[in-house]
Amino acid sequence: QVQLVVSGGGLVQPGGSLRLSCSASGSIVSINTMGWYRQAPGKERELVATVTRGGSTNYADSVQGRFTISANNAKNTIYLQMNSLKPEDTAVYYCNAVVLVSYGWSKFWGQGTQVTVSP
């Protein structure tokens, strides 16, 4: 009913940059919040950054100042610009959206994309 398509990710050296994008489509009435989460091997999924429709952003302390989340509301698309990447940023990154559909508000997840930070 709602699809989140993620692009970006890959292998980068420490100190490098990557950009992720996530586009939502389908039976969308409205979107409240979109965001990025990540899950490293052996660890729980954790919040990276979120952005509301109104433009308010929230970041995990571990990425504050290095990552920037932005949104193109007209395209139902968000981006995550990741700078000064560290090996500990290595994880599968997931897109998330809180969407109003015909039956109410619901949370949707996109497919994960691997980000690997290694020399």
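A nonpolar core is a set of buried Ala, Val, Leu, Ile, Met, Phe, Trp, Tyr and Cys residues joined through side-chain atoms within 4.5 Å. Keep that in mind for the first stop. The model on your screen is predicted.

**Stop 1: the core**

Select L4, M34, W36, L80, M82 and Y93. The largest nonpolar core has 33 residues, and these six touch the most other members. Now colour the strands that feed this core. Strand 1 (2-7), strand 3, strand 4 (30-39) and strand 5 (46-52) each supply at least two residues. So do strand 7 (67-72), strand 8 (77-82), strand 9 and strand 11 (113-117). Which strand gives the largest share? Strand 9 does, with 6 residues. There is a wider pattern to remember here. In soluble globular proteins, nonpolar side chains tend to be buried together.

**Stop 2: around L4**

Keep L4 selected and show what surrounds it. Set aside its neighbours within four places in sequence. L4 is then in contact with C22, S23, A24 and M34. It also contacts C95, N96 and A97. F108, W109, G110 and Q111 complete the list. Two cysteines are in that list, C22 and C95. They are the next stop.

**Stop 3: the disulfide**

Select C22 and C95 and show their side chains. How far apart are their sulfur atoms? They are 1.9 Å apart, and the two residues form a disulfide. The count for the structure comes to 1 disulfide. Look along the S-S bond. The angle about it is -80 degrees, and the link is left-handed. Now trace the chain from one end of the link to the other. C22 sits in strand 3 (residues 18-26) and C95 in strand 9 (residues 91-101). They are 73 residues apart, so the pair links distant parts of the chain. Buried or exposed? C22 is buried, with a relative accessible area of 0%. C95 is buried too, also with a value of 0%.

**Stop 4: a network of charges**

Move on to the salt bridges. A search of the whole structure finds 3 of them.

Select R38 and E46. Their side chains meet in a salt bridge, 2.7 Å from N to O. How accessible is each partner? E46 counts as partly exposed, at 37% relative accessibility. R38 counts as buried, at 6%.

Keep R38 and add D89. Their side chains meet in a salt bridge of 3.0 Å, N to O. D89 lies in the loop between strand 8 and strand 9, while R38 lies in strand 4, so this pair ties together parts that are 51 residues apart in sequence. D89 counts as buried, because its relative accessibility is 0% and buried means under 20%.

Keep D89 and add R66. Their side chains also meet in a salt bridge, 2.7 Å from N to O. R66 lies in the loop between strand 6 (57-59) and strand 7. D89 is in the loop between strand 8 and strand 9, 23 residues away in sequence. Both R66 and D89 are buried.

Now show R38, E46, R66 and D89 together. Which arrangement do they make? Salt bridges that share partners join these four residues into one network.

**Stop 5: an open sheet**

Hide the side chains and show the strands. Find strands 1, 3, 8 and 7. They form an open sheet of 4 strands, in the order 1-3-8-7, with antiparallel pairing. Which strands are at the edges? Strand 1 and strand 7 are, and each pairs on one side only. Turn the sheet to view its twist. The twist averages 15 degrees from one strand to the next.

Zoom in on strand 7 and strand 8. These two run antiparallel, and 6 bridges join them. Select F67 and find the residue opposite. F67 stands opposite M82 in strand 8. You met M82 at the first stop, among the core residues that touch the most other members.

**Stop 6: two loop residues**

Finish with two backbone angles. Select N76, in the loop between strand 7 and strand 8. N76 is not a glycine, although its phi is positive, at about 50 degrees. N76 is buried, with a relative accessible area of 18%.

Then select S84, in the loop between strand 8 and strand 9. The phi of S84 is near 50 degrees, a positive value in a residue other than glycine. Is S84 buried or partly exposed? S84 is partly exposed, with a relative accessible area of 40%.

Terms used: Residues are numbered from 1 along each chain as its sequence is written. This is a predicted model: local features need pLDDT of at least 70, side-chain atom pairs count only at pLDDT 80 or more; totals for chains, interfaces and linings use all residues. Side-chain values use heavy atoms; hydrogens and water are left out. A disulfide is a pair of cysteine sulfur atoms within 2.5 Å. Buried means under 20% relative accessible area, exposed over 50%, partly exposed in between (1.4 Å probe, protein chains only). Contact means heavy atoms within 4.5 Å. Two strands pair if DSSP finds at least two bridges between them. Axes are lines fitted to C-alpha atoms, for helices over the stretch in contact, and angles run from 0 to 180 degrees between N-to-C directions.
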